[in-house]
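Student: I have just opened this structure and would like a guided look at it. Could we go through it together, one question at a time?

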Amino acid sequence: MATAQAVWGIDVGRCALKAIKLRKSGDGKVELLAHDYVEHAKILTQPDAERQALISSALEKFLSHNDLSKDQVVVSVPGQHTLARFTKLPPVAPKRIPDIVQYEAEQQIPFDMDEVIWDYQTFQREGTPDLEVGIFAMKRELIREHLLHFEQAAIEPMAVQSAPLAVYNAAHFDGVLTSDTTILLDLGAENTDLIIATPDSFWTRTVPKGGNSFTEALVKSFKLSFSKAEALKRTAASSKYARQIFQAMRPVFADLVQELQRSIGFYSSTHRDANVERVIAVGNAFLLPGLQKYLQQNLGMPVERPDSFKNADASSAPNQEGLKEQLLSYAVAYGLALQGLEVTKVNSNLLPTEIAKQAVWRKKRPAFAASAACILLAGGLVWFRQASDMSALAASSQGIDAVAVTDDRAASIIDNGPSAGLSDRAQAEMVVNAGNVLRGQLAALTGQGANERGETEKLIELQRNKTIIPQVLALLHNTIPRAKGAMADAESQAEMLEVIASGQAGPRGQRTEVVIESMDITFEPNVKAYSWESVIDVPEPINDFSSESGAELPGMLLKIKCRSPNKGGVEFIRDAFIASLRSNGRKPETGLTQKDMDIARSIQEVTEEIMLRMTRHIYDKTKMESICLAGGVALNCVGNGRVLREGPFKNVWIQPAAGDAGGALGAALYTWYQYLDNPRKADGKNDQQSGSLLGPEFKNGDIQKFLEVNKIKYTHFSDNDIPEKISDLLNNEKVIGLFQGRMEFGPRALGNRSIIGDARSKEMQTTMNMKIKYRESFRPFAPSVTYERASDYFEIDRESPYMLLVANVKKNLRKEINTDQDNVTGLERLKIARSEIPAVTHVDYSARIQTVNRDTNPLYYNIIDAFDKKYDCPVIVNTSFNVRGEPIVCSPEDAYLCFMRTDMDFLLMGNYLLEKKNQNPLEKDKDWKKEYVLD
């Protein structure tokens, strides 16, 4: 990247566009030449804000103030849209680093690599051999969407950088980072970028609290509109109601501190030598009264707000007062411009390759121009000949009037060419004039057709990443009734006529085929407003939708015209074709509607009522205090929970293999007691099922032999070291497979054939479902909790060793949802965190609990206990060790294959720990998913 020119850093935020122009000054510092702050008419996240138009308007206004024609530009992308992963590399030769980072990126980035733009940065502390790499990625479609605004404004950026990395670059260049660890906080409108930094490296996380959170608190407290609440927030310092405003915002202050403390605690646990000493705060939201003091008191360290850019000479910059007023908001733009000058620590670049190539070609234009000049001088004779010819051409064209082109003729001239009877010069002039006419027509039409463009954009959005038309055609092809017998074997019209003539087709009225005469697929901007028309009496429309919401529902409208020789006529078409079409249109993985969810809930509630009535009836007849449940319905843990809480029985026990598999257990027990006459043993407290750990077992020797034969890389740990090692991995949000001892008997994994993760992580449920289990993202997971601490987290007063009871999360751990969140419908509600352990908390604040006892499963207990003692949480996520449609793993080979085929990070088999990044990829294993079907 050239550095002779000045560089603009442009940061388009939710509230305003911020830009700074820098140039090197030659003394290790930079000169601040210009700055601009263009506030949006509305905050981009307001419900009624037209985001595209607001950004375009801000860029247009910015360009009206500033000339960028001779300058370079670096732009930012939001931190919440950027994935940042940090990992340490083994000691390797420098030339091997790119290959290793490529492999790490493929492991760390939870998307297809073709879907993302990514880059990396290496960090090395002076005097140490340790090399750390930061991998930064962003979905390609998000970057393109962000850069589209700049493209439309004819701004060509040379680099794209994540906002938190730009803040780090700014702090690093200005020398505010010391040998101790410094926290950089950039408080934006929607989110807060937390950067924990040293001069040699940094770590970043985006906290979902920002300036809008304070505004929304005022909206709720004072019953104001968003815009009025925003104005009140900005004038809070001078308002006579400053105290009341602060009190209204205080809960948001507390939530922000809690999130920051959580992130800082996570960083400290993974960087034990870190000494966090202070906070540097940027972002205009830090102008809120009391926020700086509140953070300082609750974080226990000084919070500073910079009042200048230390290594930038701003003496010649215009509008000094404006620069000082908006300084806190300029940190990102400052860091961007510094990167353009090549004076920063981090130089990663998320600019798409195709755009970067365009920029490179533009950089080379001066060299091309110089080369062209040399060629021109060397070809002087040719040039003079050309000049002579042009002079002769001009002379020959004298007297030719300008060729007039009307609006009606312009397009025809471009398509078909001018009249051949004209001279060459006249034909050329006519083509040029036609182009000018069309250009004028285009200018006149600009701004028109807004509605049409809006509908077109909806259509494009509807089709994005979908193959709807081929899917519809395939559905029709697989559904339409076909002729039978000889008619079905006919492969051409001639053969079909021959079959009919020979009488093999049967009577016309009995034929079962349906012939589609025509089919139209059109875009309907609002399916709800469409007037349903059909000559066949069928429910309308075929694809049901909820009519409660007032929003438009864009969709595809399919009109089919068909006929049938069958004497049943339209009734035959309805019953044989339309009915099947409705049925086949609802295949697995096609999404869930509100109706589907309502039906599922209704079935569940009816099931619970039946279970309650049955158990109450049994109690009325027997008056016994304890009941045992079995059968497939007894695996309905929600119903079991209600039987326990609302039923008449004091004790409820559910056989852990309560489905059909329990028959095998019953047969064995019957033989043991009835035929072999063994005595029964029961103490009324503990079952004799040994935690249901009754399956095959593989010793360490078996596991090591498997690893050695297959040349699989591993690390051996002692029994005492395993719990702390696994608890550290859990705290780092790693997903771990456990292959230990005997396999569980029944459908629930109870710690021996389990996949585990951190229940505190908001992303863990989706990660496990989509990247490990390969199933729908809404599927819930169970919490495993030590028996002694279960009642601290859940409203339960007894053991639930087999994951067959549901209880609510304690109220003090719940997160109440606000009004906006409560209005969210469908599967989107699942994305709202409901408690401090969101990965295992259902939308109704319940959880399917497994209590873990030291006597039954000591290793699993010790892992959870170590996690509790070290990170103050006795709850982890537990799901079965398998993928969708596949049985739970049994052998070491099963476990290794499942581990390698999914995005699990680690696998603990016996005392042997396998790390995914150290393994060689499986060969010829791309189509394994075809072996399994949906659950």
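Student: How many bridges join β5 to β7, and do they run parallel or antiparallel?
Tutor: This is a predicted model, where local features need pLDDT of at least 70 and side-chain atom pairs count only at pLDDT 80 or more, while totals for chains, interfaces and linings use all residues. Residues are numbered from 1 along each chain as its sequence is written, and side-chain values use heavy atoms, with hydrogens and water left out. Strands (E, at least two residues) and helices (H or I, at least four) are DSSP runs numbered from the N terminus, and two strands pair if DSSP finds at least two bridges between them. For β5 and β7, the count is 8 bridges, and the direction is antiparallel.

Student: Which residue in β7 does A84 stand opposite?
Tutor: Start from strand β5, which covers residues 82-89. Its partner strand is β7. Across from A84 in β7 you will find F136.

Student: Why is β5 described as largely enclosed by the rest of the structure?
Tutor: A residue is buried under 20% relative accessible area, exposed over 50%, and partly exposed in between (1.4 Å probe, protein chains only). Strand β5 is largely enclosed because its buried residues number 6 of the 8.

Student: Which residues of α25 are buried?
Tutor: Helix α25 spans residues 722-731, and 7 of its 10 residues are buried, so this helix is also largely enclosed by the rest of the structure. After the helix comes E733, with a positive phi near 60 degrees. The buried residues of α25 are I722, P723, I726, S727, L729, L730 and N731.

Student: What is the order of the strands in the open sheet of 9 strands?
Tutor: The pairing in this sheet is mixed. Its edge strands, each pairing on one side only, are β19 (715-716) and β23 (805-808). The full order is β19-β27-β26-β20-β21-β25-β22-β24-β23.

Student: Which residue in β27 is the bridge partner of H716?
Tutor: Look at the edge strand β19. It is joined to β27 (residues 912-915) by 2 bridges, and the two run antiparallel. The partner of H716 is Y912.

Student: Which residue in the turn between β26 and β27 has a positive phi?
Tutor: Strand β26 (residues 906-909) pairs with β27 in the antiparallel sense over 4 bridges, and F906 stands opposite E915. The two strands form a hairpin with 2 residues between them. With a positive phi of about 60 degrees, the turn residue is G910.

Student: Which residue in β21 is the bridge partner of F739?
Tutor: Strand β20 covers residues 736-739. It runs antiparallel to β21, and 4 bridges join them. The partner of F739 is R753.

Student: How many salt bridges does the structure hold?
Tutor: A salt bridge is a side-chain nitrogen of Lys or Arg within 4 Å of a carboxyl oxygen of Asp or Glu. One of them joins R574 and D575, with the closest N and O atoms 3.0 Å apart. Salt bridges that share partners also join E39, E230, K233 and R234 into one network. The total is 35.

Student: How many residues apart in sequence are the parts that E259 and K762 tie together?
Tutor: E259 forms a salt bridge with K762, where the closest N and O atoms are 3.9 Å apart. E259 lies in helix α7 (residues 242-270) and K762 in the loop between β21 (753-758) and α26 (764-773), so the pair links distant stretches of sequence, 503 residues apart.

Student: Is E259 buried or exposed?
Tutor: Its salt-bridge partner K762 is partly exposed, with a relative accessible area of 42%. E259 has 12% relative accessibility, so this residue counts as buried.

Student: Which residues gather in the patch of negative charge on the surface?
Tutor: Patches are made of residues with over 30% relative accessible area and no salt bridge, joining like charges within 9 Å and nonpolar side chains (Val, Leu, Ile, Met, Phe, Trp, Tyr) within 5 Å. One member, E491, sits in the loop between α18 (486-489) and α19 (493-501), and its 72% relative accessibility makes it exposed. The negative patch gathers D489, E491, E495 and E498.

Conventions
Accessible areas come from the Shrake-Rupley method with a 1.4 Å probe; for residues, only the protein chains shown count as cover. Lys and Arg count as positive and Asp and Glu as negative; His and the chain ends are not counted. The place of a charge is taken as NZ of Lys, CZ of Arg, CG of Asp or CD of Glu.
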